[in-house]
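Please look over the sequence and the three-dimensional structure shown below. The paragraphs that follow lead from the whole fold to single residues.

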Amino acid sequence: MNDITSRDYWNKKYDTDEYVYTTVVNRFVKEYCEGLKPGKMIDLAGGEGRNSVYFAELGWQVENIDISNVALTKFLNLAEERGVASKVFANCADATGFESVLTPVDLGVVGYLQIPMDDLADALYCLIDNIRKGGVLFGVWHSLNNIEEGFGGPQDPDVLPSVERIQEMLADEPLTIEVLEVRDGQVQTKDGLKPSKTLVLKAIKK
Ligand SMILES: C[S@@+](CC[C@H](N)C(=O)[O-])C[C@H]1O[C@@H](n2cnc3c(N)ncnc32)[C@H](O)[C@@H]1O
């Protein structure tokens with residue numbers, strides 16, 4: 001089975017001593033969120049916890065919600081190593097319909113949750129429901145145009161959002177969208193650095 005929406009797929013991928021997505025915070029998460037006042041946050045599909053642990057180190061109380069129990073065990077080990085175990089919770093659940101232990105939160109982050117658009121919409125609606133009024137939603141994805149104009153990331157257009165897809169998805173949500181754009185980046189390949197296209201979203205809950 002090679003279904004990127006299944007727990008088995010992710011548990012197998014994470015079943016290694018290495019941190020598959022590194023232990024370093026994603027550059028876009030850092031750029032857009034580092035100035036926020038620490039409070040409570042959900043890292044949706046937070047995986048092995050590179051971003052969760054970053055927020056915990058900044059003083060946030062963090063709930064990492066992910067479908068992979070293997071990833072969450074690695075996340076808890078990383079939090080222990082970094083001395084922030086008391087700041088974090090692991091919640092093994094499906095992003096499309098979860099119950100948060102920290103709700104309502106000041107910040108909801110979703111990083112590289114590349115699932116079919118209907119499922120992504122459900123995940124974002126659930127996340128938005130769990131953000132307090134005035135709180136922040138931040139998302140980052142491999143963008144749809146990364147297939148043609150970038151390198152790496154999923155090659156299935158069904159799991160790649162675009163500005164238009166996210167706009168349509170969020171049209172009726174109680175949000176003020178501050179940033180929704182494709183950013184240029186670079187990925188390391190065997191032939192050196194290549195361009196990548198990354199979609200970023202920052203919005204405030206009304
Ligand atoms: C590409 S990884 C990104 C992990 C993390 N956000 C990061 O940036 O390092 C995608 C994550 O989404 C999780 N995932 C996939 N489908 C999911 C779902 N339906 N519900 C919750 N998590 C899911 C996977 O287990 C995996 O940890």
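What percentage of the 206 residues in the protein is made up of buried residues? In this predicted model, buried residues account for 41% of the 206 residues.

The overall architecture is a suitable place to begin. The protein contains seven helices and seven strands, and from the N terminus on, these elements run in the order α-α-β-α-β-α-β-β-α-β-α-α-β-β. The radius of gyration is 16 Å, close to the 17 Å that the globule rule gives for 206 residues, so the protein is as compact as a globular protein of that length. Taken along the principal axes, the C-alpha atoms fill a box of roughly 45 × 40 × 35 Å. Among the contacts with a separation of 6 or more, 68% are formed by residues 24 or more positions apart.

Helix 3 shows what burial looks like within one element. Seven of its eight residues are buried, so helix 3 is largely enclosed by the rest of the structure. These buried residues are Arg50, Asn51, Ser52, Val53, Tyr54, Phe55 and Ala56. They pack against helix 2 (27-33), strand 1 (40-44), strand 2, helix 4, strand 3 and strand 4 (105-111). Helix 3 is followed by glycine 59, which has a positive phi, near 105 degrees.

Helix 4 may be examined next, beginning with its length. Helix 4 comprises 13 residues (residues 69-81), which at 1.5 Å a residue should span 18 Å; its end C-alpha atoms are 18 Å apart, and the two values therefore agree. Which residues of helix 4 are buried? They are Ala71, Leu72, Lys74, Phe75, Leu78 and Ala79. Seen down the axis of helix 4, these buried residues fall within an arc of 160 degrees, so they line one face of the helix. A general property of helices helps in reading this pattern: an α-helix has 3.6 residues a turn, so residues three or four places apart point the same way. The cover over the buried residues of helix 4 includes helix 1 (7-14), helix 3 (50-57), strand 2 (61-66) and strand 3 (88-92). After helix 4 comes glycine 83, whose phi is positive, near 75 degrees.

The ligand offers another point of orientation. It is surrounded by 20 residues, of which the closest are Trp10, Ala45, Gly47, Ala95 and Gly111. By class, the shell around the ligand consists of nine nonpolar, eight polar and three charged residues.

One of those closest residues, alanine 45, also deserves attention for its backbone. Most residues other than glycine have a negative phi, and most peptide bonds are trans. Alanine 45, however, has a positive phi, near 60 degrees. This residue is found in the loop between strand 1 and helix 3. Alanine 45 counts as buried because it has 22 C-beta neighbours inside 10 Å, and the cut-off for burial is 20 or more.

Tyrosine 112 likewise has a positive phi, near 60 degrees, in a residue other than glycine. Tyrosine 112 lies in the loop between strand 4 and helix 5 (117-129). With 16 other C-beta atoms within 10 Å, tyrosine 112 is partly exposed. A further backbone feature is the peptide bond from threonine 103 to proline 104, which is cis, with omega near -5 degrees. Proline 104 belongs to the loop between strand 3 and strand 4.

Two further residues can be located in the later part of the chain. Serine 162 lies in the loop between helix 6 (146-149) and helix 7 (163-170). Is serine 162 buried, exposed or partly exposed? Serine 162 counts as partly exposed, because 19 C-beta neighbours lie inside 10 Å. Not counting residues up to four places away in sequence, serine 162 touches Ser143, Leu144, Asn145 and Leu199.

Lysine 206 is located in the segment after strand 7 (192-205). With 9 other C-beta atoms within 10 Å, lysine 206 is exposed. Lysine 206 nevertheless touches Lys133, Pro174, Leu175 and Thr176, not counting residues up to four places away in sequence. Lysine 206 and isoleucine 131 are 75 residues apart along the chain, and their C-alpha atoms are separated by 9.9 Å.

Conventions:
Residues are numbered from 1 along each chain as its sequence is written. This is a predicted model: local features need pLDDT of at least 70, side-chain atom pairs count only at pLDDT 80 or more; totals for chains, interfaces and linings use all residues. A residue is near a molecule or strand if its C-beta atom, placed from the backbone, lies within 6 Å of it. Ala, Val, Leu, Ile, Met, Phe, Trp, Tyr, Cys and Pro count as nonpolar, Asp, Glu, Lys and Arg as charged, and the others, Gly among them, as polar. Helices (H or I, at least four residues) and strands (E, at least two) are DSSP runs, numbered from the N terminus. The expected span of a helix is 1.5 Å times one less than its number of residues. A residue is buried if 20 or more other C-beta atoms lie within 10 Å of its own, exposed if 12 or fewer, and partly exposed in between; C-beta atoms are placed from the backbone. The arc is that of the directions from the helix axis to the C-beta atoms. Two residues are in contact if their C-beta atoms, placed from the backbone, lie within 7 Å. The radius of gyration is taken over C-alpha atoms; the globule rule is 2.2 Å times the number of residues to the power 0.38.
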